[in-house]
Amino acid sequence: MIESTIIGGTKKSEPILHYYILSDSIGETAIKVARSALAQFPNLHTVLHKYTFITNEETIKTILIDAEKNEGLIFMTMVDNDLARFVEKFCIQTGLICYNLIQPFTLEIERRVGIQPSSIAGAQHELSQEYFDRIRAIEYCMHYDDGRDPSGLEEAEIVILGISRTGKTPLSMYLGTLGYKTMNIPIIPENDPPQLLFEINHKKIIGLTNDVEVVNRMRESRMIEYGLGTGSKYASPERIQQEIDYADDLYRQLDCPVINVADRSIEESASIILDIMKLPVRYN
């Protein structure tokens, strides 16, 4: 998806989709849904119009008039019934397409359980205990990144092991955003792993591996970024295979599950880890 806030430089013959995010909160849900759908059209030129913390009909009407001119697609997360109805009425009258991503679900839940929704905009972002637990998990991941302090192993909920360029840090940070205290430890043949690694519950340990070709490509790119050129021992297939073999032997000693992260997204790898460990997704 080729996204911008202006059309500049786009050929007139190319299709352009304007999409509008309307929310009385931060609009995060609408953005995620819209981009998940638009990701299926990677070559499509899109223009994002994002409007958040909307509180009155006058503001909405101005936005909708502009959307009508651009034949825009509207993704809306409004918990305010009156504002949501105003948008839907305008869209019905003008033929605009609007996806209401909150109201249908809250109304159905209300119908089933007989309890009225709170109608608090951004309620999922309140400073609850869960919010602070999530922040603590992220802080833990940052403090113990790259195995800099093995003393935190006992506190860790997930321990990720892997050779260089297996994506340990971004994966740990992502799991942190899901609320899990995650430590990652680099595996290097010349360095003995922390002794505490053999003493903790092995069920919270995950080993990462990768294809030699993928690691070689990533390491060569990293060397170029550092201005060191290609052909280093660090990036050689022989060295990479040596490290993978060493890591595999350690994983067998620890009796831990192993995931090949080659060509997997961080989200996919995280989902596999949670499934293996039978852990729930605490936050989305």
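The expected span of a helix is 1.5 Å times one less than its number of residues. I start there because the first element I want to show is judged by that definition.

Before that, some bookkeeping. This is a predicted model, in which local features need pLDDT of at least 70 and side-chain atom pairs count only at pLDDT 80 or more, while totals for chains, interfaces and linings use all residues. Residues are numbered from 1 along each chain as its sequence is written, and side-chain values use heavy atoms, with hydrogens and water left out.

Now helix α3, residues 81–94. Helices here are DSSP runs of H or I with at least four residues, strands are runs of E with at least two, and both are numbered from the N terminus. Helix α3 has 14 residues and reaches 20 Å from its first C-alpha to its last, close to the 20 Å expected at 1.5 Å a residue.

Which residues of α3 are buried? They are L83, A84, V87, F90 and C91. Buried means under 20% relative accessible area, exposed means over 50%, and partly exposed is in between, with a 1.4 Å probe and protein chains only. Seen down the axis of α3, the buried residues fall within an arc of 130 degrees, so they line one face of the helix. The arc is that of the directions from the helix axis to the C-beta atoms. On the other side of α3, K89, I92 and Q93 are exposed. The cover over the buried residues of α3 includes β2 (16–23), α2 (57–69), β4 (73–77), β5 (97–100) and α4 (103–113), by contact, meaning heavy atoms within 4.5 Å.

Stepping back to the whole chain: the protein has nine helices and nine strands. Of its 284 residues, 38% are buried. Take the contacts between residues at least 6 apart in sequence: 75% of them join residues at least 24 apart. The exposed area is about 16,200 Å², and carbon and sulfur atoms supply 53% of it. Those areas come from the Shrake-Rupley method with a 1.4 Å probe; for residues, only the protein chains shown count as cover.

Next, strands β2 and β3. They pair in the parallel sense over seven bridges; two strands pair if DSSP finds at least two bridges between them. Within that pairing, L22 stands opposite Y51 in β3. From β2 the chain crosses through helix α1 (residues 28–38) to β3, and this β-α-β crossover is right-handed. That term applies if, with the strands pointing away from the viewer, the path from the first strand over the helix to the second runs clockwise. Strand β3 covers residues 45–51, and five of its seven residues are buried, so β3 is largely enclosed by the rest of the structure.

The connecting helix α1 has A30, I31, A34 and L38 as its buried residues. They cover an arc of only 100 degrees around the axis, which puts them on the same side of α1. What covers them includes β2, β3 and β4.

Further along the chain is strand β6, residues 158–162. All five of its five residues are buried, so this strand is largely enclosed by the rest of the structure. I158, I160 and G162 point one way, and V159 and L161 the other. Five bridges join β6 to the parallel strand β7 (residues 182–186), with V159 opposite M183. The route from β6 to β7 goes through helix α6 (residues 168–177), again as a right-handed β-α-β crossover. Strand β6 also pairs in parallel with β8 (residues 205–209), over three bridges. There, the bridge partner of I160 is I206.

What does V212 touch beyond its neighbours within four places in sequence? It is in contact with P237, I240, Q241 and I244. V212 sits in helix α7 (residues 212–225) and counts as buried at 16% relative accessibility. Q241 belongs to helix α8 (residues 237–254) and is partly exposed, at 33%.

Last, two loop residues to look at in the viewer. F53, in the loop between β3 and α2, has phi near 55 degrees, a positive value in a residue other than glycine. F53 is exposed, with a relative accessible area of 53%. E71, in the loop between α2 and β4, is also a residue other than glycine with positive phi, near 50 degrees. E71 is exposed, at 68% relative accessible area.
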